[in-house]
Structure formats: C-alpha cells, structure tokens
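Work through the following exercises with the sequence and the coordinates at hand. A worked solution follows each task.

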Amino acid sequence: MADRLTQLQDTINQQADHFCNSIGILQQYSTPSKFSGFDRSGSQTPQQQQQQEDYAHLFATLIARCAKDIDVLIDSLPNEDSSTELQSLRRLEQDNREAGERLEEVVRRGEALLEQIQSALADIAQSQLDMQHLQADGIGKSNVNIPP
C-alpha cells in the first residue's frame, strides 16, 4: 500500500473530483433564475426534483466522508517535533557523521604510515643493491689482483 503522503494526495484528488462532479450535476439540473430573463415554462417534474435531491445528498455524503478521511490522514502523519523515532534517527546520523570523521582521520594516518613504510623499504632495497654492487666490485677486483 502507498505511504501516507501518497494516500493523502490521492484523497485530496478524489475530493476535487467530488467537487467538480457535484458542480456538474448542479449545472445539469439547475433551472434558470427568475432574474435571468429566460422562459421558466420548462420547470422540473417531481421525478427530476427527487433525482436532483438524491444527487445533492449523494455528493454531500461523498464530500463529507472524503473530508473526514483527509482529516484522519493528516492526523496520522508524524509530528516532527515530538517524534522519538525521528530524534533517534537524528542522533544516529550525528553518530554516523562522527564515526565517518574518525574513519577519515584513521585513513589519513594509515596512508602517512604507508608512505613511511614504503620509503623505508625503498631505502632498504637501495642499500641492498648498493651492497651487492660493492661486493661484486670487491670480488671482481680481488679476482683480478690474484695471480693465476
């Protein structure tokens, strides 16, 4: 089923339909007034009079029932100030923001530590390469200096 706001909008639209239809019925069954200058010779029969009253009663009932439904739906909407659920959601959002900020700080420190580790590993690798070159140069010189 649709949420309450959608139900409220649908009910308001239904109320507008009732108003439009009731005005249409009024126009359909109305007789010209005595001040309009139109000939009143075609007055309504008792059956038409009863049918007009039935429509008036029907639309009055529909409009009143729909208005009551609108009031009930409006009353069922949550009150923003008193809603404990909304307050707890706000608290959770604030906690979430704070946790996000802490996480960002931890990530920044982790990235800085990672850079330090990578720099240290690069220094170690370079030192090992330098040592290998020195040993290779030292072994080569010692082999060249040793007479056969």
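The exercises below concern a predicted model and proceed from the whole chain to single residues.

**Exercise 1. Overall architecture**

Task: Determine how many helices and strands the protein chain contains, and in which order its elements run.

Solution.
- Step 1. Counting the secondary-structure elements gives three helices and zero strands.
- Step 2. Read from the N terminus, the order is α-α-α.
- Step 3. Two of the helices recur below: H1 covers residues 4-29, and H3 covers residues 84-145.

**Exercise 2. Burial, surface and contacts**

Task: State what share of the protein chain is buried, and characterise its exposed area and its contacts in sequence.

Solution.
- Step 1. Of the 148 residues in the protein chain, 9% are buried.
- Step 2. The exposed area of the chain is about 12500 Å², of which carbon and sulfur atoms contribute 56%.
- Step 3. Consider contacts between residues at least 6 apart in sequence: 69% of these link residues at least 24 apart.

**Exercise 3. Two positions in helix H1**

Task: Classify glutamine 7 and histidine 18 as buried, partly exposed or exposed, and relate each to a residue elsewhere in the sequence.

Solution.
- Step 1. Glutamine 7 is in helix H1, and histidine 18 is also placed in helix H1.
- Step 2. Buried means under 20% relative accessible area. Histidine 18 has a value of 12% and is therefore buried. Glutamine 7, with 22%, is partly exposed.
- Step 3. For glutamine 7, the C-alpha to C-alpha distance to aspartate 69 is 9.8 Å, across 62 residues of sequence.
- Step 4. For histidine 18, leucine 58 is 40 residues away in sequence, with 10.0 Å between the C-alpha atoms.
- Step 5. Leaving aside residues up to four places away in sequence, histidine 18 touches Phe59, Leu62, Ile63 and Cys66.

**Exercise 4. Salt bridges in helix H3**

Task: Identify the residues with which glutamate 105 forms salt bridges, and describe their spacing along the helix.

Solution.
- Step 1. The structure contains two salt bridges. Side chains of opposite charge can pair when their charged atoms come close.
- Step 2. One bridge joins the side chains of glutamate 105 and arginine 108, at 3.0 Å from N to O. These residues are three apart in helix H3, so about one helical turn separates them.
- Step 3. Another bridge joins the side chains of glutamate 105 and arginine 109, at 3.8 Å from N to O. Here the spacing within helix H3 is four residues, again about one turn.
- Step 4. Through shared partners, the bridges connect Glu105, Arg108 and Arg109 in one network.
- Step 5. Glutamate 105 is partly exposed at 34% relative accessibility, and arginine 108 is partly exposed at 46%. Arginine 109 reaches 52% and counts as exposed.

**Exercise 5. Surface patches**

Task: Which residues form the negative patch, and which form the nonpolar patch? Examine one member of each.

Solution.
- Step 1. The negative surface patch consists of Asp95, Glu98, Glu101 and Glu104.
- Step 2. Among them, glutamate 101 lies in helix H3. Its relative accessible area is 52%, so glutamate 101 is exposed.
- Step 3. The nonpolar surface patch comprises Leu113, Ile117, Leu121 and Ile124, which together have about 380 Å² of accessible area.
- Step 4. One of these, leucine 121, is located in helix H3 and is exposed at 52% relative accessibility.

Notes. Residues are numbered from 1 along each chain as its sequence is written. This is a predicted model: local features need pLDDT of at least 70, side-chain atom pairs count only at pLDDT 80 or more; totals for chains, interfaces and linings use all residues. Side-chain values use heavy atoms; hydrogens and water are left out. Patches are made of residues with over 30% relative accessible area and no salt bridge: like charges are joined within 9 Å, nonpolar side chains (Val, Leu, Ile, Met, Phe, Trp, Tyr) within 5 Å. Accessible areas come from the Shrake-Rupley method with a 1.4 Å probe; for residues, only the protein chains shown count as cover. A salt bridge is a side-chain nitrogen of Lys or Arg within 4 Å of a carboxyl oxygen of Asp or Glu. Lys and Arg count as positive and Asp and Glu as negative; His and the chain ends are not counted. The place of a charge is taken as NZ of Lys, CZ of Arg, CG of Asp or CD of Glu. Buried means under 20% relative accessible area, exposed over 50%, partly exposed in between (1.4 Å probe, protein chains only). Contact means heavy atoms within 4.5 Å.
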